[in-house]
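Here are my notes on the model you sent over. I've kept them as numbered points so you can follow along with the structure open.

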Amino acid sequence: MRNWQMPVRAIKRVDEENRLRGVFLRVVAIFLALAVGGLFLWALGFSPVAVYASMIEGAVGTKTALRMTARLCIPLLITSLAVTLAFKMRFWNIGAEGQIGVGAIAASYVALYHSDMPRVLLLLTMAAAGFVAGGLYGAIPAYFKAKFGTNETLFTLMLNYVAFYTIQALAQGAWKDPAGMGFPKIARFASQAQLPTLLGVHIGWVVALVLVVLVHLYLRCTKQGYELTVVGENENTARYAGMNVKKILVRTMFLSAGLAGLAGMLQASGADKTLTESVANNVGFTAITVAWLAQLNPLAMVVVTVLFCILTKGSDTIQSLYNIAPAAAEVFQGIILFFVLGSEFFIRYRLRFVGFKGGKVE
């Protein structure tokens, strides 16, 4: 009986850090994505050139569009930074959605019941509450992982639903707006609990850029950043070096989830101006894609986030402008992401084709 093996093998490149090849493959992937996406639009009966032009116009073509795109970037960038800290440690934090929600809940409590504080103190208290609440929520699966070796992927994923349904319960019960005419919603925050704007966008964008620098420095220039990187590469090596792996695990997840909780506070106070069930709006899952596309590099994350939000906002524009079905617009986004993510595979691996000759694998 002939020995059977896969006809194609993926072999890890020794020189995967070759930047010139990486740039070339990414550029090729973008052109292929646009070409295949254009064919898809043409099959739907639209002019690809016109649709692409409308996407750019709808995302950055006017001041209003630019501000809307910037608002999309704020929670996505901060959450991408959040999951990066966990992923660097090989802790698969899939619970950023729930951590955003819990951070927003804590910040909303302060906004709704302690709005008599001075504005600056109130906003700082909301930010601290969101960060700590999100951090503690993320520390739960980290503790169980460190103590009992539980699966953090499932644990963090399930906690998303707890946070989501807690917001639902609050909107329908304890925090239900009396002036909502029976509609299950939470009252709008007082003006002093809303983030001020700068250049037409709430100041969350300043916070996001500051966090990019801080996370970059934390990973590159601090002992804690070095420790979490070593733990991610090899836990046994970290233990041999005298590092407290369990402590590093819980500490890093507290920071990771805390940033996600802060993103929830900024979204509730800056964009929504209240607590809603859509406060996370799938940002936690999208951030995973952004983080990997940026190769867990906080500085590169800024560029990837902006491009991703342009794609998202542009897709929303063409839906209304050309009456494209939401499902078709999502397929179009999927085509773009498929090629872009695929390029990352070919940057890291090469394909080797094998066959049979005389009953043996060549």
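1. A charged pair to start with. Lys145 comes out as partly exposed, with a relative accessibility of 28%. Its salt-bridge partner is Glu152, and the N to O distance between the two side chains is 3.1 Å. Glu152 itself is buried, because its relative accessible area is 4% and the cut-off for buried is under 20%. Keep in mind throughout that this is a predicted model.

2. How far to trust it. The protein chain has a mean pLDDT of 88, and 94% of its residues reach 70 or more. The stretch to watch is residues 356-362, where pLDDT stays under 50. The model does have 17 contacts beyond four places in sequence for residues 356-362, but I'd read those with that pLDDT in mind.

3. Another pair with a buried acid. How many salt bridges does a search of the whole structure find? The count is five. One salt bridge joins Lys185 to Asp177, with the closest N and O atoms 3.1 Å apart. Lys185 is partly exposed at 34% relative accessibility, whereas Asp177 is buried at 12%. As a general reminder, side chains of opposite charge can pair when their charged atoms come close.

4. A pair within one helix. Glu235 and Arg239 also meet through their side chains in a salt bridge, at 3.1 Å from N to O. Both sit in helix α9 (residues 235-240), and because they are four residues apart there, about one helical turn separates them. Glu235 is partly exposed, with a relative accessible area of 34%. Arg239 is partly exposed too, at 45%.

5. A charged network. Lys223, Glu227 and Arg251 are worth selecting together, since a network of salt bridges links them. Arg251 falls within the residue range of helix α10 (245-272), which comes up again in the next point.

6. The main core. Which residues have the most contacts inside the largest nonpolar core? They are Ile78, Met126, Leu259, Met265 and Leu275, in a core of 81 residues. Helix α10 (residues 245-272) gives the most to this core, contributing twelve residues. If you want one residue to centre your view on, try Ile78: leaving aside neighbours within four places in sequence, Ile78 is in contact with Ala208, Leu211, Leu259, Ala263 and Leu266.

7. A separate core. Apart from the 81-residue core lies another one, made of 13 residues. Its members include Ala33, Leu311, Ile318 and Ile335.

8. A histidine in a helix. His216 is found in helix α7, which covers residues 204-221. Is His216 buried or exposed? With a relative accessibility of 18%, His216 counts as buried, as the cut-off is under 20%. Not counting residues up to four places away in sequence, His216 touches Pro298 and Leu299.

9. Toward the start of the chain. Pro7 lies in the segment before strand β1 (8-12). Its relative accessible area is 45%, so Pro7 is partly exposed. For a sense of scale, Pro7 and Gln295 are 288 residues apart in sequence, and their C-alpha atoms are 29 Å apart in space.

Technical notes
Residues are numbered from 1 along each chain as its sequence is written. This is a predicted model: local features need pLDDT of at least 70, side-chain atom pairs count only at pLDDT 80 or more; totals for chains, interfaces and linings use all residues. Side-chain values use heavy atoms; hydrogens and water are left out. Helices (H or I, at least four residues) and strands (E, at least two) are DSSP runs, numbered from the N terminus. Buried means under 20% relative accessible area, exposed over 50%, partly exposed in between (1.4 Å probe, protein chains only). Contact means heavy atoms within 4.5 Å. A nonpolar core is a set of buried Ala, Val, Leu, Ile, Met, Phe, Trp, Tyr and Cys residues joined through side-chain atoms within 4.5 Å. pLDDT is the predictor's confidence in each residue, from 0 to 100. A salt bridge is a side-chain nitrogen of Lys or Arg within 4 Å of a carboxyl oxygen of Asp or Glu.
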